[in-house]
Amino acid sequence: MQPILPSPSRERDGAPILEVRDLRVEFPTRRGTLRALDGVSFSIMPGEVLGVVGESGAGKSMTGAAIIGLLEPPGRIAGGQILLHGRRIDNLRYEAMRKIRGKEIGAIFQDPLTTLNPLYTVGDQLVETMLTHLPIGAAEARKRAIGWLEMVGIPAAAQRVDSYPHEFSGGMRQRVVIALALCAEPRMVVADEPTTALDVSIQAQIIALLKTLAREKGMAMMLVTHDMGVIAETADRVAVMYAGRIAEIGPVRSVVKAPRHPYSEGLMASIPPLDRKVDHLAQIEGAMPRLSAIPPGCAFNPRCPHVFDRCRVERPELLETTATRAACWLYDPASAKQAPEALRHG
Amino acid sequence: MAEEPMPRAPGTALPHAPGATAMLVADELARHFDVSRPLLQRLLAGEGKRILRAVDGVSFEIPKGTTLSLVGESGCGKSTVARLVVGLYPPTRGRVLFDGQDLHQARAAAAQRRRMQMIFQDPYASLNPRWRVRDIVAEPIRAFGLIPDQAAQRARVAELLTQVGLSPLDGEKYPHEFSGGQRQRISIARALSSNPEFLVCDEPTSALDVSVQAQILNLMKDLQARLGLTYLFISHNLAVVRQVSDRIGVMYLGRLVELAEAETLFTAPRHPYTRALMEAIPDLEMTGRQRIPVGGEVPSPISPPSGCPFHPRCPLADARCKAEMPKLLPLKGQAGTIAACHAVEEGRDPPPTPAGTAQRIGTTETAL
């Protein structure tokens, strides 16, 4: 089909498509305000896939929701900025944000059945999205709809375009959702657990598809998932989240193979290996704290094997390590005296 | 009771050892569901009955003290097997022998029934939110009248909670006060409370985060070693299955396609579907290898393809595969493995390669 997007232009390379600065999301409750995200900062370059991992409740989906402006009330952005192409979008009104969503930021969610409207054919949904956001006519939109279905690998797209969502299998539906998210040619895509509801053989197909599209179209993608395997295969950089903050961020290879933050280290070690049997899996004792009971200092300190005094009182910001940035006092030269010498790998 | 010496070091007693007694035998087990539309609509539309063959002739045995895992994608019938094995569904065909006794007779006797328990996938749905944890854990004890004395019952509940890594004081709380992993510990404590010998675990860690999953898997392995439990473990996660199993059965569309020793299955997978599954798992090695994802999707079990149900997706399929259903046959030169594949039987398949090690080049990452 015709190239829909301009090929990723070199001159953009210097400027990130998405920039999140010191993002804070709060939930006012009767018992006080809960801070679901606190000081989250990162950026995504054109053609780059940023993986966001963490356990349930770490704030990874919340970050995605904040970016696409779909935080569930009473949750609200209480601080920080979200910039798309250098323009603030966190303070836009609902209507203004609605124009950006779909057009400039595409969203792919976990469950394809709830994303698609069961009462319209997939073609109608694609056409409607394109007519809303692109300066094209109905005939052209339909032609493109078929093109998109072909591009995401739906066989006999010209016939399937008039099928309803329930006539597709789970894997095919997720392909439709991807087409729907991309058809208005956004430069930024937020994919929240796009393969979690799928079987492993289908998952591999979808991952390959997303990866190819991101590279080819020069899109920036934020890929939220709890599956480290998916991240390792797809992402360029990874942010590991814990209790509403980024614990570590860096190139995927470094974070997966040589994590610096004790939490990422524990997280990677607890993944059951596929290529050998181990007698005892590494495990992180305890569980992530609830938002209402985040400990002072570093939120990970009660579970951390390397904890020392400073961790219990002072909250670490992201610090440079050899390969990544980690929010851990082990990497602060100033805590050198306190931290046991052997532990400072930074 | 918990401090007994290990009856069996994990992974030592091999299932097919002669004389090993089977805790559970599934014999040509089948379960069909009638998914027809209502009679009137069927008559108006002039269509026949529609039968979903969720499980269609599955046989295996689980020797005492070992773990058999069933893996496969959604709709392959693995959870239906779990339910057949504990008697939640009656089989359409075939039978289950529990400790040598037909399951229907075994379930009729409470003394037998208490010997098998089940752990479910979703600890948010499988615990009654209105009961205190101590009542949840004590339910099987009360149902089977195992410990009439109240004080002794409380002591037993406290012991069970300790055994799964919770505090006896947690008995006073309600399920909502616990995280997912802790809830799954409560499910395990409840399952253990009737002193079962056989546990059916249906995706016990699928709803859990990975670090919590490690805790639960370790706990289950410890308990097996300490109490000599026999497990039927159902999962879609091959990496998890490798960590817990002695033997593994791979299911596709209601049938076993391959059954092998756990290590053999991973070092020398034979059935094309097993290979495709292993190939599809995203791994952490980041070799940059181009995975060739298996094409197509799992066909509907209502109208399975002719011949071998995997043939439309199989790279090795030929005319025989389209026409003739392959039988599970022991492999020559690979003791303990049975596979249902014409290509494997005829020796048309490429030599086996271990899972997760394909083209493991570029080990430089370890130097980072």
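## Talking through a sheet and two domains

Tutor: In this predicted model, eight strands of chain A form an open sheet with mixed pairing, in the order β6-β7-β8-β3-β9-β10-β12-β11.

Student: What makes β6 and β11 of chain A the edge strands?

Tutor: Each of them, β6 (105-108) and β11 (319-320), pairs on one side only.

Student: How do you know that β10 and β12 of chain A pair?

Tutor: Pairing requires at least two bridges. Strand β10 (residues 245-251) and strand β12 (residues 325-326) of chain A share two bridges, in the antiparallel sense, so they count as paired. As for the residues, A:I249 has A:R325 in β12(A) as its bridge partner.

Student: What makes you say that helix α1 of chain A packs on the sheet?

Tutor: Helix α1 (residues 60-67) touches β3, β6, β7, β8 and β9 of chain A, and its direction makes about 145° with that of β8(A). Another helix, α7 (residues 170-182) of chain A, lies across β6 and β7 and runs at about 165° to β6(A).

Student: Which domains does chain A have?

Tutor: The domain assignment gives domain 1 (10-235) and domain 2 (245-343). Their centres, taken over C-alpha atoms, are 29 Å apart.

Student: How many residues of each domain of chain A take part in the contact?

Tutor: Domain 1 gives 16 residues and domain 2 gives ten residues. On the domain 1 side, β2(A) supplies the largest share, seven residues.

Student: What kinds of residues make up that side of domain 1 of chain A?

Tutor: There are nine nonpolar, three polar and four charged residues on the side of domain 1 that touches domain 2.

Notes: Residues numbered from 1 in each chain as written. Chains lettered and ligands numbered in written order. Predicted model: local features only at pLDDT ≥ 70, side-chain atom pairs only at ≥ 80, totals over all residues. Helix = DSSP H or I, 4+ residues; strand = E, 2+ residues; numbered from the N terminus. Contact = placed C-beta atoms within 7 Å. Axes fitted to C-alpha atoms, helices over the stretch in contact; angles between N-to-C directions. Domains from an automatic or database assignment. Nonpolar A, V, L, I, M, F, W, Y, C, P; charged D, E, K, R; others polar.
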